[in-house]
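Dear colleague,

Please find below the structure I promised to pass on to you, and after it some notes on what turned up when I went through it.

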There are 2 protein chains.
Amino acid sequence: MLSIAHLGPAGTYAEMAALTYARHQAPAPEFQLRAFRSIPITLQAVAAGEADVAVVPVENSVEGSVSATLDTLWQLEPLQIQQALILPIAHALISTAEQLDQIRVVQSHPQALAQCQTWLQTYLPQAQLIAMNSTSEALQHIQDQPGMAAIASRRAAELYQLPILAFPINDSPENCTRFWVVSPHPSPGGAMTSLALSLRRNEPGALVQPLQVLSERHLNMSRIESRPTKRSLGEYLFFIDLEANAQSPEVQAALKRIEALTEHLRFLGSYDVVDLSRSAT
Amino acid sequence: MLSIAHLGPAGTYAEMAALTYARHQAPAPEFQLRAFRSIPITLQAVAAGEADVAVVPVENSVEGSVSATLDTLWQLEPLQIQQALILPIAHALISTAEQLDQIRVVQSHPQALAQCQTWLQTYLPQAQLIAMNSTSEALQHIQDQPGMAAIASRRAAELYQLPILAFPINDSPENCTRFWVVSPHPSPGGAMTSLALSLRRNEPGALVQPLQVLSERHLNMSRIESRPTKRSLGEYLFFIDLEANAQSPEVQAALKRIEALTEHLRFLGSYDVVDLSRSAT
């Protein structure tokens, strides 16, 4: 039985992504979903063998990177990306209130609050916004509290049998989130390759050199993201996505060159992307 | 009278940075602090002429960029950076509880919670973490609630006359935050230059070209940060810091070349850095 770790509790977008991943496998596996209470703990569970794969959010089209995923993957060397999954994200305002003007508090995951900020400023300018560990956790405190609302998926509202007061409320209609499926297995190869690297200290132009290696080989970088090393202000890790298969000789050669130019190169995986943001509603 | 906008209410680290900025001016100005309830609103107030300058956090040594600052500055074209200010950040656990084991809930700004996460997991593993709009806002609900604690500065504890239960609790002893002082005036020039740029769609290697312009001119890029354009997943803005004065002919020439290679180039300013992270405690 395939056990799939995700940020819980039940009803999160990560759980939806985990379900979608399981249903897109051929042949369809028997599977079990396992909810964990934070993204680092979800990834650590898979690194420790407590679950087979983790499905974790990497990036949202409006709010950008999910720092907890990048920072944890950098540290958990054995984990590699098996697949990327892009899902459309449509948020619902969920509350037992009869009308919007009863609502004093709106709670959700910080990314979901941020993705609805214009809607919230327009319709609930006086509401206090409270950030929770997950969209589902936000639902657990609103039953019988008409002054409170949560932002989560329609599926979560059904699961917790709570009414939807407004839908969709995300500011961007094209809101979608990219998830990575990771496990301790070597990645399968595919259309994308993801790397992370740290640079030797105080070398001027140190970042441009690895980027030039990619550019000279016509390897297109679709994304670069910096994160602090947490050693000192001004030192960064870089996360890079390439539109290329790491099993090709060009990428192999580029990785070898880049390794010589960096302090540490972390190969995160080479994998295919399943994009459901254009098909679903 | 110089009016200085910052994220409020009184007692935030942004207010501390605003005070520090005012005290480092020569001659010492008469000034007035003005607290606003979010970073975008703080910056919009200055763009609209309601305050003279804003002091806003840009980046923390542990948690990385402050997205709200970057995203808002990209949009508010008339604002330029006048100065950078690096302050040490030491967090206190503030509560009317007698002992740690009474505490059920810890609330603070999400960046402060993240900067203390190892301490919280060690000493308060069962506590619920609630994210607020600012560290000071977190203090306003804990009076007479020994089950609750807030994370904020020692100065904030004094201001609100609340007891400190533990100090310092930040995971990194070198925790510091960089602030930018912005106003609608042209920036003064100085040791650093900051840019933001968007790329034309779907051009392979589009990012490497502007970086090469910098590298060829031996202009050292100390930081690059990507943020989503919010148009569609996979499209980014890039924020770049250079260790060079924009008034120099080399930087002027580089900016002209980069402008031709990008969709939009936003000059954020050229300014000096006041680093207080090594002197204060």
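To begin with one residue of this predicted model, B:Met221 touches, once residues up to four places away in sequence are left out, A:Leu207 and A:Val208 of the other chain, together with B:Leu211, B:Leu214, B:Ile240, B:Asp241 and B:Leu242. B:Met221 also belongs to the largest nonpolar core, which has 48 residues, and it is listed there with A:Leu211, A:Leu214, A:Met221, A:Ile224 and B:Ile224 as touching the most other members. Apart from that core lies another, of 43 residues, which includes A:Ile4, A:Ala22, A:Leu70 and A:Trp180.

In chain A, the axes of helix α2 (residues 39-47) and helix α3 (residues 67-75) come within 9 Å and cross at roughly 35°, and the crossing is right-handed. The contact is formed by A:Ile39, A:Pro40 and A:Leu43 from α2(A), and by A:Ala68, A:Thr69, A:Thr72 and A:Leu73 from α3(A); of these residues 5 are nonpolar, 2 are polar and none is charged.

Finally, the cysteines: how many disulfides does the structure hold over all chains? The count is 0. The sulfur of A:Cys116 cannot be paired because the closest cysteine sulfur, that of A:Cys176, is 14 Å away, too far for a bond, and A:Cys116 itself counts as buried, at 0% relative accessibility. In chain B, the sulfur of B:Cys176 has its closest cysteine sulfur in B:Cys116, again at 14 Å and therefore too far for a bond, while B:Cys176 counts as buried at 7% relative accessibility.

With best regards

Conventions. Residues are numbered from 1 along each chain as its sequence is written. Chains are lettered from A and ligands numbered from 1 in the order in which they are written. This is a predicted model: local features need pLDDT of at least 70, side-chain atom pairs count only at pLDDT 80 or more; totals for chains, interfaces and linings use all residues. Side-chain values use heavy atoms; hydrogens and water are left out. A nonpolar core is a set of buried Ala, Val, Leu, Ile, Met, Phe, Trp, Tyr and Cys residues joined through side-chain atoms within 4.5 Å. Buried means under 20% relative accessible area, exposed over 50%, partly exposed in between (1.4 Å probe, protein chains only). Contact means heavy atoms within 4.5 Å. Axes are lines fitted to C-alpha atoms, for helices over the stretch in contact, and angles run from 0 to 180 degrees between N-to-C directions. Helices (H or I, at least four residues) and strands (E, at least two) are DSSP runs, numbered from the N terminus. A crossing is left-handed if the near helix is turned anticlockwise from the far one by less than a right angle, and right-handed if clockwise. Ala, Val, Leu, Ile, Met, Phe, Trp, Tyr, Cys and Pro count as nonpolar, Asp, Glu, Lys and Arg as charged, and the others, Gly among them, as polar. A disulfide is a pair of cysteine sulfur atoms within 2.5 Å.
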